[in-house]
Amino acid sequence: MLTAASVAPLAAMGSDAYLALAIAIGLLAGLIQLGLGVLRQGWVLNLLSQPVFAAFINAAALLICFSQLPALLGAAGPREPQLVDEALRILAQMAAPHLPTVALGVGALLALIALRRYVPRLPGVLAVVVACTALSALTGFEAGGGTVIGDLPALHPSLQIPTLPEWHLIAAMLPAAFVLAMVSFLEAASSAKLIAEKTGEPWNENQELIGQGLAKLGAAASGTLPTSASFSRSALNLANGARTGVASLVSALAVLLAALAVGPWLHHLPLAVLAAVILDAVGRLFQPAALIRAWRIDADDGLAASATFVATLAFAPNIQNGILTGLLLSLALLIWRSMKPRIALLGLHEDGTHRDLERFGLPHPHPHLVVLRFDGPLHFVNAARFREAVNWARTAQPDVRVVLVSAAGINAIDATGLDAVRREVANLASHGQQLAFCGLKKQVIDVLERDSLWADIAPHATYRHERQAIDALAPLADPPENL
């Protein structure tokens with residue numbers, strides 16, 4: 001689906017140029033995966049969140065199912081590129097349907113569902129395909145106007161170095177190739193992680209990328225479409241006791257022998273039955289509960305997932321734009337959340353810890369000292385938020401002389417964050433106040449020590465926890481008349 005959607009705007013479907021571009025996009029996706037794996041950069045593909053990926057799979061499943069309706073219902077004729085136009089065309093064709101096609105297609109779909117539900121150990125797809133092919137041959141389905149597979153071209157396997165298209169076409173396909181690499185990796189990763197958990201075997205995402213990249217390069221050298229792993233085949237292998245790669249080699253050999261020997265027997269297989277097989281398999285990928293769950297857990301995830309779902313449908317057939325929309329939106333929301341880390345003023349709880357005084361109704365730990373907790377790394381995205389928080393804290397009660405930052409939640413700091421600290425030290429000093437820190441982590445102290453600022457704040461920045469800091473700073477916080 002991704003390959004077809006990516007290549008369709010660049011060449012006529014079914015043409016030699018179309019096939020060449022489909023092979024080329026697989027080559028590009030393979031090079032991307034292989035490069036990321038060799039450089040041990042597999043984490044890059046984890047930028048796509050699970051809700052966005054689930055929304056894309058849901059939308060793609062709907063589109064794939066919709067694309068099979070013409071074959072299932074016998075709606076002959078050229079397809080419309082836009083989703084709405086294609087729906088109207090199918091409805092118009094249904095005014096005078098080819099009843100044998102509808103009967104075979106719908107009957108095959110119902111049989112597949114029933115066999116899977118009531119006789120799950122029976123190879124339902126094989127049984128239905130054999131039965132429907134025999135029925136088609138015996139009843140003269142093709143002679144009566146039904147559409148069948150027909151004669152398959154002779155198979156002549158060959159290996160060759162694929163020819164890359166012109167540079168402007170490569171540039172046009174690169175975003176789609178990246179999406180193809182990402183989606184195929186994530187789909188494989190989802191099954192690999194699950195199987196690794198069940199078997200206790202380790203799983204290496206970079207090695208997975210290398211394997212998938214080499215598989216796509218092999219497919220391109222064989223003159224065929226991009227390949228990937230399969231959740232269903234992996235699960236089937238596991239269920240049947242497969243433990244090594246030999247199982248996949250045996251499976252591949254069986255497919256090759258079938259392609260060489262079974263082709264002539266498929267002449268009478270109705271396209272409607274193939275459509276039913278695809279609908280039965282892909283329809284199970286449609287799980288709207290994943291979108292509902294995303295909204296229930298986190299509104300940002302729900303928004304990104306919903307946007308991905310809608311965009312994938314809206315941009316069809318260019319469905320790669322849908323997942324790119326979700327990727328960009330989820331990253332934008334991540335940055336937005338980073339800009340607004342949680343801040344709280346702390347008071348001494350009865351359990352001996354310092355907690356959010358507003359939430360628990362606690363007093364400030366000292367009449368002239370305020371404890372501020374900042375939950376998040378201090379970098380260029382939220383440096384302004386830190387300055388706002390410190391200024392809020394220094395006016396949180398009358399005559400504040402010390403603002404103590406509980407910094408256990410600050411796990412990183414950059415140059416902009418360091419500059420924000422410098423500015424607030426100077427700002428509080430201009431008001432006769434002191435900025436202090438407790439709970440600073442080593443990686444943050446390491447950065448501060450590389451700047452002259454550390455020498456100024458170190459006397460009041462090495463406290464390990466709030467209690468130690470408050471005890472040490474209390475004399476500094478008391479007004480002069482109390483000393």
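**Note on the predicted model**

1. D451 is partly exposed, with a relative accessibility of 23%. On this scale, buried is under 20% relative accessible area, exposed is over 50%, and partly exposed lies in between (1.4 Å probe, protein chains only). The model is predicted: local features need pLDDT of at least 70 and side-chain atom pairs pLDDT 80 or more, while totals for chains, interfaces and linings use all residues. Numbering starts from 1 along each chain as its sequence is written, and side-chain values use heavy atoms, without hydrogens or water.

2. The side chain of D451 forms a salt bridge with that of R422, at 2.8 Å from N to O; the term requires a side-chain nitrogen of Lys or Arg within 4 Å of a carboxyl oxygen of Asp or Glu. This pair links distant parts of the chain, since D451 sits in the loop between α18 (442-449) and α19 (453-457), while R422 belongs to helix α17, 29 residues apart. Helices (H or I, at least four residues) and strands (E, at least two) are DSSP runs numbered from the N terminus. R422 is also partly exposed, with a relative accessible area of 31%.

3. Another group of charged residues deserves its own point: R116, D280 and R284 are joined into one network by salt bridges that share partners. Within this network, D280 meets R116 at 2.3 Å, N to O. D280 lies in helix α11 (residues 271-283) and R116 in helix α5 (residues 99-118), so this salt bridge ties together parts that are 164 residues apart in sequence. D280 also forms a salt bridge with R284, where the closest N and O atoms are 3.4 Å apart.

4. The members of the network can be described by their accessibility as well. D280 is buried, with a relative accessible area of 9%. R116 is partly exposed at 33%, and R284 counts as partly exposed at 44%. Under the salt-bridge rule, the count comes to 11.

5. The sheet comes next. Five strands make up an open sheet with mixed pairing, in the order β2-β1-β3-β4-β5; strands pair if DSSP finds at least two bridges between them. The edges are formed by β2 (354-356) and β5 (434-438), each of which has a single partner strand, so one side of each is left without a neighbour in the sheet. From one strand to the next, the twist averages 35 degrees.

6. Inside the sheet, β3 and β4 (residues 402-406) run parallel and are joined by five bridges. One residue pair can be named here: L372 has V405 in β4 as its bridge partner. Helix α17 (residues 415-430), which also carries R422, packs on the sheet and touches β4 and β5, with its direction at about 135 degrees to that of β5. Helix α20 (residues 466-477) lies across β1 (342-348), β2, β3, β4 and β5, and runs at about 170 degrees to β4. Axes are lines fitted to C-alpha atoms (for helices, over the stretch in contact), with angles from 0 to 180 degrees between N-to-C directions.

7. H379 is placed in the loop between β3 (369-375) and α16 (383-393). Its relative accessibility is 19%, so H379 counts as buried. Not counting residues up to four places away in sequence, H379 touches S338, D414 and G417; contact means heavy atoms within 4.5 Å.

8. G213 is part of helix α8 (residues 205-221) and is buried, with a relative accessible area of 0%. When neighbours within four places in sequence are left aside, the contacts of G213 are G30, Q33 and L34. The C-alpha atom of G213 is also separated by 8.5 Å from that of L27, although these two residues are 186 residues apart along the chain.

9. W295 lies in helix α12 (residues 289-297). This tryptophan is partly exposed, with a relative accessible area of 43%. Apart from neighbours within four places in sequence, W295 is in contact with G302, L303 and S306. Between W295 and Q207 there are 34 Å, C-alpha to C-alpha, and 88 residues in sequence.

10. On cysteines, the structure holds zero disulfides, a disulfide being a pair of cysteine sulfur atoms within 2.5 Å. For C65, the closest cysteine sulfur is that of C132, 18 Å away and too far for a bond. C65 is buried, with a relative accessible area of 15%, and C438 is buried too, at 2%.
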